[in-house]
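Colleague: Please take a close look at one part of this model, beginning with the surroundings of the ligand and then following the strand at the middle of your account. I would like one connected description, with the cut-offs stated.

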Amino acid sequence: MNLEGKKIALAVTGSIAAYKAADICSALTKSGAEVRVLMTPEAKAFIAPLTLQTLSRNPVAQDMWALPEKWQPEHIEIATWADLFLVAPATANIIACFAVGLAPDIVSATYLATRAPALIAPAMNCNMLEHPATQANLEILRSRGNKIVEPANGRLACGTEGKGCLASVETIVETVKNILV
Ligand SMILES: Cc1cc2nc3c(=O)[nH]c(=O)nc-3n(C[C@H](O)[C@H](O)[C@H](O)COP(=O)(O)O)c2cc1C
């Protein structure tokens with residue numbers, strides 16, 4: 001329970017590993033954290049917002065153009081609220097958006113707007129991960145002080161073996177605790 005009182009923005013993006021965000025969300029709330037989930041439109045093809053809303057016990061931010069309950073835009077409100085901005089899983093696309101500073105959706109807009117530490121857990125096909133573009137983008141994020149949770153080796157959803165599996169829930173939660181506690 002040592003994440004008591006910690007506020008975590010959990011951003012979920014369009015990777016096949018998005019279903020694992022349910023376990024991450026659950027583990028964080030069981031550790032005492034308050035979790036608010038953000039999703040890209042593509043993430044919703046892999047996991048239902050209802051699942052993450054129920055597990056986090058908070059509304060899921062998924063549409064930058066939805067009328068916010070209060071006056072403040074939701075991405076700014078969450079960016080200001082969070083103690084930690086965790087992206088799990090992080091696609092090659094969102095990593096590229098972060099590196100360049102593009103903000104086409106609520107996840108990338110919140111990344112730019114927050115001053116909370118960012119913890120990024122990539123998950124993708126091994127060739128996508130090894131591509132010089134992805135490696136250069138990850139290096140940019142590291143050089144800014146963002147922390148990357150290294151993907152694991154294993155059997156990837158595309159059928160190949162290699163590095164690119166989302167790090168385990170335990171590794172991700174442990175890294176969160178190392179940053180926040
Ligand atoms: C079945 C399927 C699985 C995918 N898995 C991944 C993945 O694990 N990692 C990744 O970077 N992209 C993956 N993609 C591609 C992304 O969904 C795509 O680049 C998308 O534009 C990412 O959007 P987002 O970053 O805004 O969530 C997958 C696509 C499909 C159709």
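Modeller: The ligand is surrounded by 16 residues (C-beta atom, placed from the backbone, within 6 Å of it), of which G14, S15, T40, T91 and M124 are the closest. This is a predicted model, in which local features need pLDDT of at least 70 and side-chain atom pairs count only at pLDDT 80 or more, while totals for chains, interfaces and linings use all residues. Residues are numbered from 1 along each chain as its sequence is written. Sorted by class, the shell around the ligand holds eight nonpolar, six polar and two charged residues, where Ala, Val, Leu, Ile, Met, Phe, Trp, Tyr, Cys and Pro count as nonpolar, Asp, Glu, Lys and Arg as charged, and the others, including Gly, as polar. Helix α4 (residues 92-100) contributes three residues, the most to this shell; helices (H or I, at least four residues) and strands (E, at least two) are DSSP runs numbered from the N terminus.

The strand to follow is β3, residues 84-90. It belongs to an open sheet of five strands in the order β2-β1-β3-β4-β5, with parallel pairing (at least two DSSP bridges between two strands). The edges of this sheet are β2 (34-39) and β5 (147-148), each of which pairs on one side only. β3 pairs in the parallel sense with β1 (residues 7-12) over four bridges, and in the parallel sense with β4 (residues 118-122), also over four bridges. On the β1 side, I8 has L84 as its bridge partner, and A9 has F85; on the β4 side, F85 stands opposite A118.

Seven of the seven residues of β3 are buried, so the strand is largely enclosed by the rest of the structure; buried means 20 or more other C-beta atoms within 10 Å of a residue's own, exposed 12 or fewer, and partly exposed in between, with C-beta atoms placed from the backbone. In a regular strand the side chains alternate between the two faces of the sheet. Here L84, L86, A88 and A90 point one way from β3, whereas F85, V87 and P89 point the other way, and all are buried. P89, which lies in β3, is joined to A88 by a cis peptide bond with omega of about -5°. Most peptide bonds are trans.

In soluble globular proteins, nonpolar side chains tend to be buried together. The largest nonpolar core (buried Ala, Val, Leu, Ile, Met, Phe, Trp, Tyr and Cys residues joined through C-beta atoms within 7 Å) has 58 residues, and L10 and L86 touch the most other members. Strand β3 supplies six residues, the largest share of this core. Leaving aside residues up to four places away in sequence, L10 touches A21, I24, C25, L28, V35, V37, L86 and A88, a contact being two C-beta atoms, placed from the backbone, within 7 Å.

Two places outside the sheet complete the picture. A113 lies in helix α5 (residues 106-113) and is partly exposed, with 18 other C-beta atoms within 10 Å. Not counting residues up to four places away in sequence, A113 touches H75, I76 and A79. R57, in the loop between α2 (49-56) and α3 (74-81), is exposed, with 11 other C-beta atoms within 10 Å. R57 has a positive phi of about 60° although it is not a glycine.
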